[in-house]
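Here is a walk through one structure, from its charged pairs to its rings and strands. Keep the viewer open as you read.

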Amino acid sequence: QVQLVESGGGLVQPGGSLRLSCVVSGRTVSNYAMGWFRLAPGKEREFVAAIGVIGWSGDITLYADSVKCRFTISRDNAKNTVYLQINNLKPEDTAVYYCAKARAQIRSVRSRDYDYWGQGAQVTVSS
């Protein structure tokens, strides 16, 4: 059974930082690309960041333009965990953030390329 469990969300003031964690069980994260998506009120689910498997793509990480230079995706294979470091948070970053496991090794922006999803972590940016 594959499970993804996110944590680390919360209420943060604009300009603040958070680190989201996604602990994976049932699969080895080093064997798959992993991604983060977010769902904001009234909007469609949006790709945020992805990390591929070394050797399968030249640029291992990929980011949405709206989060480049502020978000960093990383992976700790020993802990089977994927992280999303979020800096300089803006009110428009408010959303539920979902971790997802890809079907293959190459990172993707398409949600249909991911087969397992976490339950989501709420991030609220407000003063």
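## Salt bridges

A search of the whole structure turns up six salt bridges. Before going further, bear in mind that this is a predicted model.

Take Arg-38 and Asp-93, whose side chains meet in a salt bridge at 3.0 Å, N to O. Arg-38 sits in strand S4 (residues 34–39) and Asp-93 in the loop between S8 and S9, so this pair ties together parts that are 55 residues apart in sequence. Both Arg-38 and Asp-93 are buried.

Out on the surface, Asp-65 pairs with Lys-68, with the closest N and O atoms 3.3 Å apart. Asp-65 is exposed, at a relative accessible area of 66%, while Lys-68 is partly exposed at 45%. Then there's Asp-115, which forms a salt bridge with Lys-101; here the closest N and O atoms are 3.0 Å apart. That one links distant parts of the chain, with Asp-115 in strand S10 and Lys-101 in strand S9, 14 residues apart. Asp-115 is partly exposed at 27% relative accessibility, but Lys-101 is buried at 2%. Some salt bridges also share partners, joining Arg-38, Glu-46, Arg-70 and Asp-93 into one network.

## Around Lys-101 and Tyr-116

What does Lys-101 touch, not counting residues up to four places away in sequence? The list is Leu-4, Arg-27, Tyr-32, Ala-33, Met-34, Tyr-114, Asp-115 and Tyr-116. With Tyr-32 there's something extra: the charged end of Lys-101 sits over the Tyr-32 ring, 4.0 Å from its centre.

Tyr-116 belongs to strand S10 (residues 114–117) and is partly exposed, with 31% relative accessibility. Leaving aside neighbours within four places in sequence, Tyr-116 is in contact with Val-2, Leu-4, Arg-27, Cys-99, Ala-100 and Lys-101. Leu-4 is 112 residues away from Tyr-116 along the chain, yet their C-alpha atoms are separated by 7.5 Å.

## Aromatic rings

On to the rings: the structure holds five aromatic pairs. For Phe-71 and Tyr-97, the ring centres are 6.5 Å apart and the planes meet at 45°; that angle falls between the 30 and 60 degree cut-offs, so the pair counts as tilted. Phe-71 lies in strand S7 (residues 71–76) and Tyr-97 in strand S9 (residues 95–102), so the pair ties together parts 26 residues apart in sequence. Are these two buried or exposed? Phe-71 is buried, with a relative accessible area of 2%, and Tyr-97 is buried too, at 0%.

Elsewhere, ring pairs link Phe-37, Phe-47, Tyr-114 and Trp-117 into a cluster. Trp-117 has a charged visitor as well: Arg-45 lies over the face of its ring, 4.2 Å from the ring centre.

## An open sheet

Now for the strands. Four of them form an open sheet in the order S1-S3-S8-S7, with antiparallel pairing. Strand S1 (3–7) and S7 are the edge strands, each pairing on one side only. From one strand to the next, the twist averages 15°.

Which strand does S3 (residues 18–25) meet through six bridges? That's strand S8 (residues 81–86), and the two run antiparallel. If you'd like a spot to look at, go to Leu-20, whose bridge partner in S8 is Leu-84.

Technical notes. Residues are numbered from 1 along each chain as its sequence is written. This is a predicted model: local features need pLDDT of at least 70, side-chain atom pairs count only at pLDDT 80 or more; totals for chains, interfaces and linings use all residues. Side-chain values use heavy atoms; hydrogens and water are left out. Rings of Phe, Tyr and Trp (its six-membered ring) pair if their centres lie within 6.5 Å; planes under 30 degrees apart count as stacked, over 60 as edge-to-face and the rest as tilted. Helices (H or I, at least four residues) and strands (E, at least two) are DSSP runs, numbered from the N terminus. Buried means under 20% relative accessible area, exposed over 50%, partly exposed in between (1.4 Å probe, protein chains only). A charge sits over a ring if NZ of Lys or CZ of Arg is within 6 Å of the ring centre and within 35 degrees of the ring normal. Contact means heavy atoms within 4.5 Å. Two strands pair if DSSP finds at least two bridges between them. Axes are lines fitted to C-alpha atoms, for helices over the stretch in contact, and angles run from 0 to 180 degrees between N-to-C directions. A salt bridge is a side-chain nitrogen of Lys or Arg within 4 Å of a carboxyl oxygen of Asp or Glu.
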